[in-house]
Amino acid sequence: MKRNSRRTGWMSTLISVIDGGSDRIDHQPCPRCDAHRLEVRYLGYPETRLATVYLWCNACLHGIEISRARAPEGMTLYPTKDPASAGGIPDFVRHQP
């Protein structure tokens, strides 16, 4: 897959996750390896829901990170001030959106 189409694939996947309005994304395949092992996490500020969103695949360890995103209602928002919030986010290869 070419670099631009990979970025487009990750953004399309993120939009599908947001449209689903839930942290459950096991129905979405990874745009890189087609595995159904995606995870999403919003780290931010509960009072404004402004966050950094991480979307990655646990199979191939590729994904995207977007800062200054608004966490949609229905999505779990992990507080930035809690150091444990970033626990479990692996060191994955980040594709630029």
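Buried means under 20% relative accessible area, exposed means over 50%, and partly exposed lies in between (1.4 Å probe, protein chains only). The structure is a predicted model, in which local features need pLDDT of at least 70, side-chain atom pairs count only at pLDDT 80 or more, and totals for chains, interfaces and linings use all residues. Residues are numbered from 1 along each chain as its sequence is written, and side-chain values use heavy atoms, with hydrogens and water left out.

**Exercise 1. Sort the residues Glu-65, Arg-94 and Asp-91 by exposure class.**

Step 1. Glu-65 has a relative accessible area of 31%, so the residue is partly exposed.
Step 2. Arg-94 counts as partly exposed because its relative accessibility is 33%.
Step 3. Asp-91 reaches 73% and therefore counts as exposed.

**Exercise 2. Find the salt bridges and say which residues form a network.**

Step 1. A salt bridge is a side-chain nitrogen of Lys or Arg within 4 Å of a carboxyl oxygen of Asp or Glu. The structure holds 3 of them.
Step 2. Glu-65 pairs with Arg-94, their closest N and O atoms being 2.5 Å apart. Glu-65 lies in strand β3 and Arg-94 in strand β5, so this pair ties together parts that are 29 residues apart in sequence. Strands here are DSSP runs of E with at least two residues, helices are runs of H or I with at least four, and both are numbered from the N terminus.
Step 3. Asp-91 also meets Arg-94 in a salt bridge, at 4.0 Å from N to O. Glu-65, Asp-91 and Arg-94 are thus linked in a network.
Step 4. Arg-49 forms a salt bridge with Glu-73, with 3.6 Å between the closest N and O atoms. Arg-49 is in the loop between β1 and β2 and Glu-73 in the loop between β3 and β4, so the pair joins parts 24 residues apart in sequence.
Step 5. The two partners fall into separate classes: Arg-49 is buried, with a relative accessible area of 15%, whereas Glu-73, at 65%, counts as exposed.

**Exercise 3. Describe the surroundings of Arg-49 beyond its neighbours within four places in sequence.**

Step 1. Contact means heavy atoms within 4.5 Å.
Step 2. With those neighbours left aside, Arg-49 is in contact with Ala-69, Arg-70, Ala-71, Pro-72, Glu-73, Met-75 and Leu-77. Glu-73 is also the salt-bridge partner of Arg-49.

**Exercise 4. Locate the aromatic pair and the charges that sit over rings.**

Step 1. Rings of Phe, Tyr and Trp (its six-membered ring) pair if their centres lie within 6.5 Å; planes under 30 degrees apart count as stacked, over 60 as edge-to-face and the rest as tilted. The count comes to 1 aromatic pair.
Step 2. Trp-56 and Phe-92 form this pair, which is stacked, with 5.8 Å from centre to centre and 15 degrees between the planes.
Step 3. Trp-56 is in strand β2 and Phe-92 in the loop between β4 (77-79) and β5 (93-94), 36 residues apart, and the pair links distant parts of the chain. Both Trp-56 and Phe-92 are buried.
Step 4. A charge sits over a ring if NZ of Lys or CZ of Arg is within 6 Å of the ring centre and within 35 degrees of the ring normal. Arg-94 lies over the face of Phe-92, at 4.1 Å from the ring centre. The charged end of Arg-41 sits over the ring of Tyr-78, 4.8 Å from its centre.

**Exercise 5. Identify the largest nonpolar core and the elements that build it.**

Step 1. A nonpolar core is a set of buried Ala, Val, Leu, Ile, Met, Phe, Trp, Tyr and Cys residues joined through side-chain atoms within 4.5 Å.
Step 2. The largest one has 20 residues, and Tyr-42 and Leu-55 have the most contacts inside it.
Step 3. The elements α1, β1, β2 and β3 (62-70) each give two or more residues to this core. The largest share, 4 residues, comes from β2.
Step 4. Apart from this core lies another, of 5 residues, among them Leu-43, Tyr-54, Trp-56 and Phe-92.

**Exercise 6. Place Cys-30 in the fold and list its contacts.**

Step 1. Cys-30 lies in the loop between α1 (3-20) and β1 (38-45), and it is buried because its relative accessibility is 1%.
Step 2. Not counting neighbours within four places in sequence, Cys-30 is in contact with Trp-10, Ala-35, Leu-38, Cys-57 and Cys-60.
Step 3. The C-alpha atoms of Cys-30 and Cys-60 are separated by 8.6 Å, with the two residues 30 apart along the chain.
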